[in-house]
Amino acid sequence: MAPEQLRSETVDARTDVHAAGAVLYEMSSGRRPFCEATAPRLIHAILHQMPPAPRALNPRISPRLEELILKCLDKNPGRRYQSAKELRVDLERLGAPVPDVAVPQRRWSFIRWVLTPALVLAAILALLIAFDAGGLRQRLSGGMGTPRIESLAVLPLDNLYGDPNQGVLVDGITEALTAELSKIKALKKVISRTSMMQYKGTSKPIRQIAGELGVDALIEGSAIREGDTVRITVQLIHGGTDAHLWAESFDREYRNILALHSEVARAIAREVKAVLTPAEVAGFSKAPTVNPEAYSFFVRGNEYLWRRTTAEADTRTAIEMYERAVELDSGFAPAHAALSEAHGQMWRNYYDRSAGRVVQTKAAAHRALELQPDISETHRALGLYYYWCELDYDRALQELALAQSTKPNDSRIYASIGAILRSQGKMGGAVANFIKSAELDPLSAMPVHAAAQTFTFMRNYDEAARYENLAIKLAPDWPRPYGFRALCDLRLAGNAASTRGVVQTAQRIGLGNDPLIAYARTMVDLYDRTLQEASMRLPSEAWEVCESQFHFVPKALLQAQIHELLNQPQRAKLYYESARRLAEARVRQLPDEAFFHGALGIAYAGLGRKQDAIRKGTEAMDLLPVSKDAFRGPT
C-alpha cells in the first residue's frame, strides 16, 4: 500500500504509480520493498522509511531503472510520476537500444524481459487488482466487496520499540480499544481482553487465531508514546482469508488519549460497515481529556485488578494505583469506578470485611456517577457495589442493565449478571449468562468454571463435569476447578475413584497444598473410610483453614471427625476444641458472617454442647438463608 492509503487520505493515479513501482522493485531485485515480519513494523516502514536501493540487491539493474523505481515509490505523491502515461514513456525509453554501448546478450535479455511494456502494464494491472485501487477489484468481480464482518478481536498491540516502560501502556490501549468496540451494538461479538492477551507475542497464523476465537476479523497494530504524543497504528485483517483490508495511523496528544481510543474505534466501525446508533455516536464524541500520568497509573491498576488470581496483594496494589490516578485527576470517572470495584473485591474476597471498606466502595462508585453518569464503567461499579456489599440484587441488576445497554459485548457484565441470578436461585438464567460470557472470553476459565458450579447446584452432573473439565483445560495451573470437579464427582456421582483421580492429577502438577484440593482429598477419605491414612497425613499439611466467600472449614474439624470415626474420643475432643477456639475468634471479629457461626456450631456439637450447637446453626441460617443467597446459603 502507498503511504496515503495507510493514512486513509485521497488516492488517485499517483497511488497506482506507487503500486507499479512496488511490482517493478520486486521484479528487478527479487524482493519486496519492505520485508518486515509484523504488520506494525511493515506499516511503520512504509510510512517513514525508504526501501534499500534496488542496485544494492541486484547490481545488473541500470542506474536509470533504479531512479525510475524509486521515483514511483516516493512517499510524497507530488514527487512521483503524475500518471501512468508519464511512467510508460520513461519505461519505453529505458527499453530502447542505447547506441555505441556494448551490452552483453544476457543482460539485454533481462532488461527486455523486465521492461517489455505489455508485461509492465500487466504487472501494474495485477497489483491494482490486488490492492483494489479505486475499487477496481470490486468492479471487476461484479460488485463483491469486503466480506461481511460482524465479530472482531483486537490482538495485543505491538510495543514497537520494545521499551519495557511502555509495555503496560500499550497493553492498556489494547484493552481500551477492545472496550470501545464492545460498545457497538452492530457487532455480534468482540472478544475480551483477557482471552486476547494470551496471544501476546504469538506466531500463530491469523487464520488459526480467528478460527480459535470464532471471529470474522482481527485488529493488529502498534502503539507508542513519544513525548506528549501517542500514536496508534491499526490494521484490519479478514480472518478467513488473511486479507489485509485496511490500515491507518492515528496521532493525538497524550491528554486526549480517551478521545483517541474513540476515534480509532469509530474508524474500525466504519471499515467493517457497522452502523452506529445516535447514542453510540454521541458517546464516542464525549471523551474528556485526562492527566497523562493519571492515565498511566490507571492502566497499571487495571493490570493488577484483572489478573486471574484476584490475590489480596494484587488487589491492594491496584487500589494504590487507582488512588494515585484520582489524586492526579479527580475528574477521571473510569478511575473512580475501577477504584470502587477494587475496594469491592477486598470485601467480596474476605480480605477486609470492615464497614469502612463498604463506605469506600460506595463513595468511589458515586463519585464516578457524579462525573460521568452515562458510561458503562460507572453503572458496572454501582451494580457490583449493590451485589457484593448490600446483597440488593434487584438494584444491582438495574445498574448492570444500564452498563450493558452501552457496552453490549462486555463479557464481565454477563458474568456479573449470571452471578446475581444464581444468588437469586435463577440457575437457568445464570448459566445462560455465564455461557455468553465465555463466548466473549473463550480462553478464560472463570466463566466456564462459574457455569460448572451452577450446573452442580442444578444437580446436572454431566454438564458440571464437562464444563469443569474445560476450565481445567483452559487454566491447568488453577486449583479451583480441580477442587470443585473432585467434590462434584463425590457428592453428585458418588464416585470416589474419580475424585481421587482428579486430586492426584492436581497433586502431580504441584497443586496438592491448595486448601480446596486438600479438603477434597480428606472428604474422599471420609467417604470410603481410609481414615488411618488421613489421620497420619493431615498434621503434616500446611493448611489450617479452607475458606472463601463460599465456605469456612477448619482443618481441625476434619481431624476431629476422623478421630471420632476411628473411635478415639479424646483426640477428637482436642481437635474439636481447637476448631472451637478458631471459630469463636472469627465470630468475634465478624459476627455477621454465617459460615463462622456454622463451623462453630459443628464444633459445639462435637463437644457435646447440643443447645449451643443448635443455636449457632440457627444463627448461621438466619444470617444467610437460601432466600437471601441461593448459592452460598445452606443447601
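Over how many bridges do strand 5 and strand 6 (residues 244-253) pair, and in which sense? They pair in the antiparallel sense, over 9 bridges. Keep in mind that everything here is read from a predicted model.

## The chain at a glance

Let's start with the whole thing. The chain is made of 32 helices and 8 strands, and its C-alpha atoms fill a box of roughly 120 × 55 × 45 Å along the principal axes. Out of 635 residues, 52% count as buried. Take the contacts with a separation of 6 or more: 61% of them come from residues 24 or more positions apart.

On the outside, the chain exposes about 28,600 Å². Carbon and sulfur atoms supply 53% of that area.

## How far to trust it

The average pLDDT for the chain is 89, and 91% of the residues score at least 70. Two stretches deserve some caution. Over residues 100-120 the pLDDT is below 50, and the model gives this stretch 23 contacts beyond near neighbours in sequence. Residues 126-144 are also below 50, again with 23 contacts beyond near neighbours. Where pLDDT is low, predicted coordinates should not be read in detail.

## Strands 4, 5 and 6

Back to the strands from the opening question. Strand 5 (residues 229-238) is mostly covered, with 8 of its 10 residues buried. Strand 5 pairs with strand 4 (residues 217-226) in the antiparallel sense over 10 bridges, and with strand 6 in the antiparallel sense over 9. If you want landmarks to click on, Leu-218 has Ile-237 of strand 5 as its bridge partner. On the strand 6 side, Arg-231 is partnered by Asp-251, while Ile-232 stands opposite Phe-250.

Both connections are hairpins. The one joining strand 4 and strand 5 has 2 residues between the strands, and Gly-227 takes a positive phi near 65 degrees there. The hairpin of strand 5 and strand 6 has 5 residues between them, and in its turn Asp-242 has a positive phi of about 65 degrees.

## Two nonpolar cores

What sits at the heart of the largest nonpolar core, judged by contacts inside it? This core has 55 residues, and those with the most contacts inside it are Leu-152, Ile-173, Ile-232, Ile-257, Tyr-295 and Phe-298. Helix 13 (residues 257-271) gives the most to this core, with 8 residues. Another core lies apart from it, with 38 residues, among them Val-358, Ala-365, Tyr-393 and Phe-455.

Phe-298 is a handy place to look around. Leaving out residues up to four places away in sequence, Phe-298 touches Tyr-322, Ala-325, Phe-332, Pro-334, Ala-335 and Ala-338. Ile-232 is worth a look too: it is among the residues with the most contacts inside the largest core, and it is the residue standing opposite Phe-250 in strand 6.

## Cysteines without a bond

How many disulfides does a search of the whole structure find? The count is 0. Take Cys-488: its sulfur is 16 Å from the closest cysteine sulfur, in Cys-546, so the gap is too far for a bond. Going the other way, Cys-546 is in no disulfide, and the nearest cysteine sulfur, 16 Å away, is that of Cys-488.

Are these two cysteines buried or exposed? Cys-488 is buried, with a relative accessible area of 4%. Cys-546 counts as buried because its relative accessibility is 2%, under the 20% cut-off.

## A histidine and a glycine

His-563 has its place in helix 29 (residues 555-565). At 4% relative accessibility, His-563 counts as buried. Not counting residues up to four places away in sequence, His-563 touches Ser-535, Gln-568, Arg-571, Ala-572 and Tyr-575.

Gly-211 is found in helix 12 (residues 206-213). With a relative accessibility of 58%, Gly-211 counts as exposed. The C-alpha atoms of Gly-211 and Gly-240 are separated by 7.9 Å, although the two residues are 29 residues apart along the chain.

Conventions:
Residues are numbered from 1 along each chain as its sequence is written. This is a predicted model: local features need pLDDT of at least 70, side-chain atom pairs count only at pLDDT 80 or more; totals for chains, interfaces and linings use all residues. Side-chain values use heavy atoms; hydrogens and water are left out. A nonpolar core is a set of buried Ala, Val, Leu, Ile, Met, Phe, Trp, Tyr and Cys residues joined through side-chain atoms within 4.5 Å. Buried means under 20% relative accessible area, exposed over 50%, partly exposed in between (1.4 Å probe, protein chains only). Helices (H or I, at least four residues) and strands (E, at least two) are DSSP runs, numbered from the N terminus. Contact means heavy atoms within 4.5 Å. A disulfide is a pair of cysteine sulfur atoms within 2.5 Å. Two strands pair if DSSP finds at least two bridges between them. Accessible areas come from the Shrake-Rupley method with a 1.4 Å probe; for residues, only the protein chains shown count as cover. pLDDT is the predictor's confidence in each residue, from 0 to 100.
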